[in-house]
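Hi there,

Here is the structure I promised to pass on. Have a look at it first, and then read on for my notes.

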Amino acid sequence: MLGVVNRILLALVGLVLLAGGAAVLTGYRPLEGRHAPLLSAARRRHWHTEGWWWWAAVAVLALCVLLALWWLLAQLRRSRLPAVVVDTGDGAFAQLRGRALEEAVAAEAGALDGVAHCRAVLRGRRTAPALRLVLRLEPHAVPADVLGALAGPVLDHARASAGLAELPTEIRFQVADHRAHRVS
């Protein structure tokens, strides 16, 4: 959701800057020519006498400030899940630290054959977490084999340790850089 908002805001800012740049380059002024002020004395007097204008202008500016603050706070919000709620079976609940689960999954996935490095991030809600894995594969690794090994025991251990019926997982593969061997 935040990525969509960022793209829309970026597109709107780009359009405003493009229109402003075109107006400056062409010398176009919306009222009366290149050397005329944007608001003439008569227009300034007209808007000064309109009582609703100032309230509307202040309201629009306040709304822009509130939207900008909302956007800034959304950028600073953590995307990681701090804890997962685990049902203990006796009517009580325990909390499993999100970092602990991430580190355990990353260590177990990193130990698989063909995986050079693994990074795990836990997202979602405390009662319905989702896992995102980024695996850097070694040059000799077969992605289908790594995916099969990962979908089996690694994710089963993660689900069992968190007491979850399902753990939606997004996996992204990257290939580790390797140099060609020179034959002399």
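Let me start with Asp87, which is partly exposed, with a relative accessible area of 47%. Please keep in mind that this is a predicted model. Asp87 belongs to strand E1, residues 83-87. Not counting residues up to four places away in sequence, Asp87 touches Ala92 and Phe93. There is also a partner from much further along the chain to look at: Gly163 is 76 residues away in sequence, and the C-alpha atoms of Asp87 and Gly163 are 6.6 Å apart.

Now for the general picture. The protein has 5 helices and 5 strands, and reading from the N terminus their order is α-α-α-β-β-α-β-β-α-β. Of the 184 residues, 20% are buried. The accessible surface is about 13,800 Å², and carbon and sulfur atoms account for 64% of that. If you take the contacts between residues at least 6 apart in sequence, 52% of them join residues at least 24 apart.

The helix pair H2 and H3 is a good place to zoom in. Helix H2 covers residues 41-49 and helix H3 covers residues 51-76; their axes come within 4 Å of each other and cross at roughly 85°. Angles from 65 to 115 degrees count as roughly perpendicular, so H2 and H3 are roughly perpendicular to each other. On the H2 side the contact is made by Trp47, His48 and Thr49, and on the H3 side by Gly51, Trp52, Trp53 and Trp54. Sorted by type, the residues of this contact are 4 nonpolar and 3 polar, with no charged ones.

Next, a pair of residues that you may want to view together, Glu102 and Leu122. Glu102 sits in helix H4, residues 98-110, while Leu122 is part of strand E3, residues 115-124. Is Glu102 buried or exposed? Its relative accessibility is 5%, and because the limit for buried is under 20%, Glu102 counts as buried. A polar atom of the Glu102 side chain lies 2.8 Å from the backbone nitrogen of Leu122. Beyond its neighbours up to four places away in sequence, Glu102 touches Arg80, Ala120, Val121 and Leu122.

Leu122 is buried as well, with a relative accessible area of 0%. Leaving aside neighbours within four places in sequence, the contacts of Leu122 include Ser79, Arg80, Leu81 and Val84, then Gly98, Leu101 and Glu102, and also Pro129, Ala130 and Leu131. Arg80 is thus listed for Leu122 and for Glu102 too. The C-alpha atoms of Leu122 and Pro82 are separated by 8.3 Å, with their positions 40 residues apart along the chain.

One last residue for your list is Gln174, in strand E5, residues 169-175. With 40% relative accessibility, Gln174 counts as partly exposed. Which residues does Gln174 contact, leaving aside its neighbours within four places in sequence? They are Val134, Leu135, Arg136 and Leu137. For Arg136, the C-alpha to C-alpha distance to Gln174 is 4.6 Å, although the two are 38 residues apart in sequence.

That is everything from my side for now. Happy browsing!

Best wishes

Note on methods. Residues are numbered from 1 along each chain as its sequence is written. This is a predicted model: local features need pLDDT of at least 70, side-chain atom pairs count only at pLDDT 80 or more; totals for chains, interfaces and linings use all residues. Side-chain values use heavy atoms; hydrogens and water are left out. Helices (H or I, at least four residues) and strands (E, at least two) are DSSP runs, numbered from the N terminus. Buried means under 20% relative accessible area, exposed over 50%, partly exposed in between (1.4 Å probe, protein chains only). Contact means heavy atoms within 4.5 Å. Accessible areas come from the Shrake-Rupley method with a 1.4 Å probe; for residues, only the protein chains shown count as cover. Axes are lines fitted to C-alpha atoms, for helices over the stretch in contact, and angles run from 0 to 180 degrees between N-to-C directions. Angles under 35 degrees count as roughly parallel, over 145 as roughly antiparallel, 65 to 115 as roughly perpendicular and the rest as oblique. Ala, Val, Leu, Ile, Met, Phe, Trp, Tyr, Cys and Pro count as nonpolar, Asp, Glu, Lys and Arg as charged, and the others, Gly among them, as polar. A polar contact is a pair of N or O atoms within 3.5 Å; within protein, one must be able to donate a hydrogen and the other to accept it, and residues adjacent in sequence count only if both atoms are side-chain atoms.
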